[in-house]
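Hi,

Here is the structure I promised to pass on. Have a look at it first, and then read on for what turned up.

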Amino acid sequence: MEEKGATIVSMDNVTMTYPTGTQALKGVNVKIAKGEFVFIVGESGSGKSTVVKLLLREISPTSGKLMVNGKDITHLKHKQVAAHRRRIGCVFQDFRLLKDRNVYENVAFAQKVIGIQSRLIGKNVHRILSLVGLSDKEKAIPKELSGGEQQRVALARALVNQPSMLIADEPTGNLDPKNSEEIMHLLEAINAQGTTVIVVTHNQEIVDSMQKRVITLEQGVVARDDEAGSYKRQYAPNYGEVSQKMQEELIEAAREGNIDTKNTIAESGIEEIIQDNSMVNNINEPWLKTAADTPEKTDYQQMDEQIYSRPESPVYEDFKQTTRKYHTLAEAMQQGRDE
């Protein structure tokens with residue numbers, strides 16, 4: 001039995017550049033533990049589909065290392081690829097059912113292709129159809145089923161071989177809200193039984209409501225990786241959420257005398273953060289000490305409540321842009337950086 005919590009997916013500096021020259025992934029580093037439920041979200045072209053293709057070994061990364069179930073799948077041979085895919089269940093937006101076969105036959109097909117004995121297939125199919133609530137639909141063909149029922153058949157087929165990981169690529173894309181919710185609850189129940197579940201989706205409402213881990217891709221890089229996250233950030237970035245590059249740029253600019261520290265403090269309202277002289281005295285940068293001694297005061301907490309928590313405010317975007325680097329300055333002061 002696989003140890004829950006051990007790493008099942010490890011992407012180490014993975015880059016994927018297609019023959020056309022399109023760079024879909026740029027140095028992605030992600031680890032997913034066995035038994036996790038993870039959403040992968042992002043706009044079209046962010047790299048989500050490429051991640052799915054890599055995990056299924058439909059393509060190989062241009063560079064970097066990709067481990068799945070403890071094995072490096074970057075350079076698998078043909079027979080090894082087939083064995084790898086047997087350990088992964090996958091469902092898609094368009095269901096991909098065999099239209100000329102009934103529900104039982106669609107699920108049994110997944111067992112036959114891996115050579116399961118006939119006497120065991122019936123038992124396994126009945127068990128999995130019961131799990132997804134389709135015991136009474138065994139003889140129905142796909143066109144006789146609702147969209148939600150067809151997706152349940154697809155889930156049953158993906159799960160009948162007891163995969164260690166289930167990848168759901170836009171599983172609710174063709175479903176109404178009620179069926180979408182039911183499918184997500186089913187995925188949650190499957191995850192509760194120990195199967196790692198990775199859901200790629202655009203469905204913001206579902207992601208926000210389920211409060212699972214959310215990995216957000218933007219233009220081929222991991223922009224966010226949040227536990228109990230949401231589809232999109234609802235508030236402006238705080239001190240700890242700005243980039244290292246921006247911090248370095250701002251500190252260097254301050255060293256060169258290109259930042260008016262007096263106005264910086266007054267406009268950004270960070271005086272409360274830097275008033276602890278014991279902290280400031282540990283910083284070996286004169287320009288930071290000068291900034292800390294600036295007397296102007298602004299109620300940053302009140303500013304935060306009035307503007308940052310209301311993205312719909314007309315001044316929100318302008319305010320966010322003009323104060324982003326000031327937040328970086330505060331972060332540098334707070335952590336005592338002296339790069």
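Which residues are buried in α1? They are K48, T50, V51, V52, L54 and L55. Helix α1 spans residues 48–55, and with 6 of its 8 residues buried it is mostly covered. Right after α1 comes R57, whose phi is positive, at about 60°.

Before you go further, keep in mind that this is a predicted model.

Now the overall picture. The chain has 339 residues, and 50% of them count as buried. It is built with 14 helices and 10 strands. If you take the contacts with a separation of 6 or more, 69% of them are between residues 24 or more positions apart.

**The open sheet**

There is an open sheet of 6 strands, in the order β6-β7-β8-β3-β9-β10, and its pairing is mixed. At the edges sit β6 (88–92) and β10, each of which pairs on one side only. On average, neighbouring strands in this sheet are turned by 15° against each other, ignoring direction.

To get a feel for one pair, look at β3 and β9. These two run parallel and are joined by 4 bridges. You can find V38 opposite R213 in β9. In general, strands of a sheet pair through backbone hydrogen bonds, either parallel or antiparallel.

Between β9 (213–218) and β10 (221–226) there is a loop, and Q219 is in it. Q219 is not a glycine, yet it has a positive phi of about 50°. Its relative accessibility is 63%, so Q219 counts as exposed.

Compare that with E170, which is in the loop between β7 and α6. E170 also isn't a glycine and has a positive phi of about 50°. Here, though, the relative accessibility is 12%, and because the cut-off for buried is under 20%, E170 counts as buried.

**Another set of strands**

Strand β1 (residues 7–17) and strand β4 (residues 63–68) run antiparallel, with 5 bridges joining them. One spot to look for is T15, which stands opposite S63 in β4.

From β4 you can carry on to β5 (residues 71–72), which is antiparallel to β4 and joined to it by 2 bridges. In that pairing, M67 has D72 in β5 as its bridge partner. β4 and β5 make a hairpin with 2 residues between them, and N69 in the turn has a positive phi of about 55°.

**The cores**

What is in the largest nonpolar core? It has 40 residues, and F39, L129 and L187 have the most contacts inside it. The elements that each supply at least two residues of this core are β3 (37–41), α3 (103–112), α4 (118–131), α5 (147–159), β7 (165–169), α6 (177–192), β8 (196–200) and α7 (204–210). α5 gives the most, with 6 residues.

F39 is a good residue to click on. Leaving out residues up to four places away in sequence, F39 touches M184, V199, T201, I206, V207, M210, K212, R213, V214 and I215. Apart from the largest core lies another one, of 31 residues, and M11, L76, I88 and I215 are among them.

**Helices around α5**

How do α3 and α5 lie against each other? Their axes come within 8 Å and cross at roughly 30°. Angles under 35 degrees count as roughly parallel, so α3 is roughly parallel to α5. The crossing of α3 past α5 is right-handed. On the α3 side, V103, N106, V107 and A110 meet V153, A156 and R157 of α5.

As a general point, an α-helix has 3.6 residues a turn, so residues three or four places apart point the same way.

α5 also meets α6. The axes of α5 and α6 come within 10 Å and cross at roughly 20°, so these two are roughly parallel to each other as well. The crossing of α5 past α6 is right-handed. From α5, the contact is made by G148, Q151, R152, L155 and L159, and from α6 by N179, E182, I183, L186, L187 and I190. L187, you may recall, is one of the residues with the most contacts inside the largest core.

Cheers

Key:
Residues numbered from 1 in each chain as written. Predicted model: local features only at pLDDT ≥ 70, side-chain atom pairs only at ≥ 80, totals over all residues. Heavy atoms only, no water. Buried < 20%, exposed > 50% of the residue type's maximum accessible area, 1.4 Å probe, protein only. Pairing = 2+ DSSP bridges. Core = buried A, V, L, I, M, F, W, Y, C linked by side-chain atoms within 4.5 Å. Contact = heavy atoms within 4.5 Å. Axes fitted to C-alpha atoms, helices over the stretch in contact; angles between N-to-C directions. Parallel < 35°, antiparallel > 145°, perpendicular 65-115°, else oblique. Left-handed = near helix turned anticlockwise from the far one by under 90°.
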